[in-house]
Amino acid sequence: MKRRFIAAAAQLGPIARDEPRSSAVARMVALMREAHGRGAEVVVFPELALTTFFSRWYTEDDAEIDSWFETEMPNDEVQPLFDAARDLGIGFYLGYAELTTEDGRKRRFNTSIIVDSTGKIVGKYRKIHLPGHRDNEPWRAFQHLEKRYFEHGNMGFPVFEAFGGRMGMCLCNDRRWPETFRVLGLRGAEMVMLGYNTPLHYPPAPEHDHLQYFHNHLCMQGSAYANGIWVIGTAKAGREEGCDLIGGSCIIAPTGEIVAQAQGVGDEVITAEVDLDRCRELRDNVFNFSLHREPEDYSPICASKDR
């Protein structure tokens, strides 16, 4: 399999609360065609790419909550994206809200998938680090109710064979936790794809608002470098239903260098050539895990939450 290829991040501008999935899918198909025109073989879309970021509203209406979720993938509204991928011969990563029945009960997850160039799903991930809160907090300018609307992901951090290498996934807040990338790195991931919806304003600590773009890139660049891994982070950005979301979509090399970055906060494609063999520059040297890791001294990392 080819180890060098062009990859794309397809940033989305805001999605309105009443915007149908068909509109979001049409926008993504257009971005996919643009990425393909630039020679891209894989394109990374954002977290919750089919809808507005509904976790900013509090509701107790189960039917309303379920309306934001997908019960199958692909479904009729998303099928055009899969068809375009197959017709163009391009793979993609997609984030969406998943509603399923497991263990005899209804379950909701913040999910992402990898789809290969034939339109086949070859990997799935469910978000582990859920930010925000569970209860109504009306003092906020907007809410962040991921802990209310989603369950903790139950698939761990798997790695999948795709695009000539080993691919990992995560979602939004996962990128802030170095353990996410270390587990994927230990499992041999050479590229991590991730989507995010990140507000510019953080109500519990507004003094950090001016650092949102810096922190966004800091965590991804540091994790790329510390694990010798390619990272593609893609935003849903812009002013969405009165909430400003950061852009900053980027492609990061295993050295931690940003090699491509979005310039605005609307629909935008960025591309860069990816050479998966460059992971060895770090993994054979500074971050040679087998030679230099000292896991016997890392036990506090896996200590229980109450310690």
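# Salt bridges, sheets and cores in a predicted model

E281 has a relative accessible area of 39% and is therefore partly exposed, a class that lies between buried (under 20% relative accessible area) and exposed (over 50%), as judged with a 1.4 Å probe on protein chains only. This is a predicted model, in which local features need pLDDT of at least 70 and side-chain atom pairs count only at pLDDT 80 or more, while totals for chains, interfaces and linings use all residues. Residues are numbered from 1 along each chain as its sequence is written, and side-chain values use heavy atoms, with hydrogens and water left out.

## Salt bridges

R278, which is also partly exposed at 25% relative accessible area, joins its side chain to that of E281 in a salt bridge of 2.8 Å, N to O; the term requires a side-chain nitrogen of Lys or Arg within 4 Å of a carboxyl oxygen of Asp or Glu. Elsewhere, salt bridges with shared partners tie E98, E102, D103, R105, R107, K124, R126 and E151 into one network. The structure holds 29 salt bridges, and one of them brings the side chains of R27 and D267 together at 2.7 Å, N to O. This pair connects distant parts of the chain, since R27 belongs to helix α1 (residues 21-37) and D267 to the loop between β13 and β14, 240 residues apart. R27 counts as buried because its relative accessibility is 18%, whereas D267, at 37%, counts as partly exposed. In another salt bridge the closest N and O atoms of D244 and R239 are 2.7 Å apart; here D244 is partly exposed at 33% relative accessible area, and R239 is exposed at 52%.

## Two open sheets

Helices and strands are taken from DSSP and numbered from the N terminus, a helix being a run of H or I over at least four residues and a strand a run of E over at least two. Two strands count as paired if DSSP finds at least two bridges between them.

One open sheet has six strands with mixed pairing, in the order β5-β4-β3-β2-β1-β14. At its edges stand β5 (121-126) and β14 (268-275), each with a single partner strand, so one side of each has no neighbour in the sheet. With direction ignored, neighbouring strands of this sheet are turned by 35° against each other on average. Helix α3 (residues 79-88) packs on this sheet, touching β3 (91-102), β4 and β5, and its direction makes about 145° with that of β3. A contact here means heavy atoms within 4.5 Å, and angles run from 0 to 180 degrees between the N-to-C directions of lines fitted to C-alpha atoms, for helices over the stretch in contact.

Another open sheet of six strands, also with mixed pairing, follows the order β6-β7-β8-β9-β12-β13. Its edge strands, β6 (159-162) and β13 (258-261), each pair on one side only. The twist from one strand to the next averages 20°. Helix α5 (residues 178-186) lies across β6, β7 (165-171), β8 (191-196) and β9 (230-235) and runs at about 160° to β7, while helix α6 (residues 212-227) lies across β8, β9, β12 and β13 at about 25° to β12.

The table sets out some strand pairs.

| Strands | Sense | Bridges | Opposite residues |
|---|---|---|---|
| β4 and β5 | antiparallel | five bridges | T111 opposite R126 in β5 |
| β6 and β7 | antiparallel | four bridges | A162 opposite G165 in β7 |
| β12 and β13 | antiparallel | three bridges | I252 opposite I258 in β13 |

## Nonpolar cores

A nonpolar core is a set of buried Ala, Val, Leu, Ile, Met, Phe, Trp, Tyr and Cys residues joined through side-chain atoms within 4.5 Å. The largest has 48 residues, and M191 and M193 have the most contacts inside it. Strand β8 gives the most to this core, with five residues. Leaving aside residues up to four places away in sequence, M191 touches several others, among them F5, M167, W230 and L276. A second, separate core has 30 residues, including A40, L50, A84 and L88.

## Unusual backbone positions

Most residues other than glycine have a negative phi, and most peptide bonds are trans. Against this background, D103 has a positive phi of about 55° although it is not a glycine; D103 is found in the loop between β3 and β4 and is exposed, at 71% relative accessible area. F163 takes a positive phi near 55° in the hairpin of β6 and β7, which has two residues between the strands, but F163 is buried at 15% relative accessible area. The peptide bond from M73 to P74 is cis, with omega near 0°, and P74 lies in the loop between α2 (62-66) and α3.
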